[in-house]
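Here is a friendly walk through one protein model. Have the sequence and the 3D view open as you read.

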Amino acid sequence: MKEIIKITFSLTVICIAAALILGAVFAKTDHARKEIKEEQDAETDRGLIGFGAGKKVPADLKIYPVYRYVIKDEKGATVLGYLLPLKDKGQALLEIDLSGKPLKAVPVQGDAVQLADRATRDKAVSDALGKGSQATYAETFNIANLGDKRLAYVIPGSSQGFKERIKLKVSLEPELTVMGVAIEESKEDPGLGDKIKEDFFRNQFVGKTHDLLKELKVIKEPLPADYLPALEPERAKKDKLTPEQVKEIKQKHLKDDIYALTGATISSRAVTVGVKDTVRRFTYRLGILNDAIKQEKIQVAF
């Protein structure tokens, strides 16, 4: 009996020690992991707006994050909250009811760097709302400007894939034409659905206008032979296509539907649905947000 107690005690001590060591390692590396993830996200965003690897980022490129919250106010009503960067470098939370009517804007303490941290931002938003209200973070979209001119929007989205949800990002021109699509996370089948990450599939969405997206569908037809090199920058170089030739081919196929990946129609449709829904929801919300900013006369940084 004594031997069993001794063994149990020893195992307990070992488990506690292991847990403490793992906790210390996690705490030590957590900040570094967050920084790496933030840099990866920023790199993806820059790539989606045309400043990928090898292309110099202009000094006057500014990217402004806008954080969306779902708020239960003190009366139990659900409203939306947008945390906006202000021209004077402050931050404000603009509350909008579900009909699109702006309610109020309250200042939020903290600068852009501090509020980039989720925990710090959630607390700052909660403090700004006061007791009785509860805010739940929903998503972040980015607004990119070149100087004072609007360059693009980068918005997150997701869609149910063959196995799990596919997380993606879509960049849009100011007129809401697709600039790029990135697959952030997916667990589609390797060699089949996983090809949604490849240029020749993702770039089929580039150039699609808001109206073209509404009618866009997936077709089970082979990708036209002349279209493929225009969708893959490396292949276009290999085939010695000029930028003008690439542009001409893309224009020829601009109104084409999305050509499904061989053996992965479900994955192809999932991304297509995800892109369409992401753009549709963003377009609706952006219109409401712009109207509310105008009505409340908020001097936003972007």
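## Where helix H9 ends

Let's begin at the end of a helix, keeping in mind that this is a predicted model. Lys 297 follows H9 and has a positive phi, near 55°. H9 itself has 32 residues, and at 1.5 Å a residue it should span 46 Å. Its end C-alpha atoms are 46 Å apart, so the expected span and the model agree.

## Two nonpolar cores

H9, residues 265-296, also matters for the next topic: with ten residues, it gives the most to the largest nonpolar core. That core has 53 residues, and Leu 84 and Phe 205 touch the most other members. In soluble globular proteins, nonpolar side chains tend to be buried together.

What does Phe 205 contact, leaving aside its neighbours within four places in sequence? The list is Val 178, Val 181, Leu 216, Ile 258, Val 271, Thr 272 and Val 275. Another core, of twelve residues, lies apart from the largest one; Tyr 67, Val 106, Ala 124 and Leu 129 are among its members.

## Aromatic rings

Searching the whole structure turns up six aromatic pairs. A pair of aromatic rings is described by the distance of the centres and the angle of the planes. For Tyr 69 and Tyr 137, the ring centres are 5.7 Å apart and the planes are at 65°; over 60 degrees counts as edge-to-face, so this pair is edge-to-face.

Tyr 69 belongs to strand S1 (residues 61-72) and Tyr 137 to strand S5 (residues 134-146), so the pair ties together parts that are 68 residues apart in sequence. Are the two partners buried or partly exposed? Tyr 69 is buried, with a relative accessible area of 0%, whereas Tyr 137 counts as partly exposed at 22%. Elsewhere on the aromatic list, Phe 141, Tyr 153 and Phe 282 form one cluster.

## An arginine over two rings

Arg 121 is worth displaying alongside these tyrosines. Arg 121 lies over the face of Tyr 137, at 4.8 Å from the ring centre. Arg 121 also lies over the face of Tyr 67, here at 3.9 Å from the ring centre. Tyr 67 is one of the residues of the twelve-residue core.

## Thr 44 and its partners

Finally, pick out Thr 44, which sits in helix H1 (residues 2-48). Its relative accessibility is 24%, so Thr 44 counts as partly exposed. Not counting residues up to four places away in sequence, Thr 44 touches Lys 169, Ala 182 and Glu 184. Ala 182 is 138 residues from Thr 44 along the chain, yet their C-alpha atoms are separated by 7.5 Å.

Notes. Residues are numbered from 1 along each chain as its sequence is written. This is a predicted model: local features need pLDDT of at least 70, side-chain atom pairs count only at pLDDT 80 or more; totals for chains, interfaces and linings use all residues. Side-chain values use heavy atoms; hydrogens and water are left out. A nonpolar core is a set of buried Ala, Val, Leu, Ile, Met, Phe, Trp, Tyr and Cys residues joined through side-chain atoms within 4.5 Å. Buried means under 20% relative accessible area, exposed over 50%, partly exposed in between (1.4 Å probe, protein chains only). Helices (H or I, at least four residues) and strands (E, at least two) are DSSP runs, numbered from the N terminus. Contact means heavy atoms within 4.5 Å. The expected span of a helix is 1.5 Å times one less than its number of residues. Rings of Phe, Tyr and Trp (its six-membered ring) pair if their centres lie within 6.5 Å; planes under 30 degrees apart count as stacked, over 60 as edge-to-face and the rest as tilted. A charge sits over a ring if NZ of Lys or CZ of Arg is within 6 Å of the ring centre and within 35 degrees of the ring normal.
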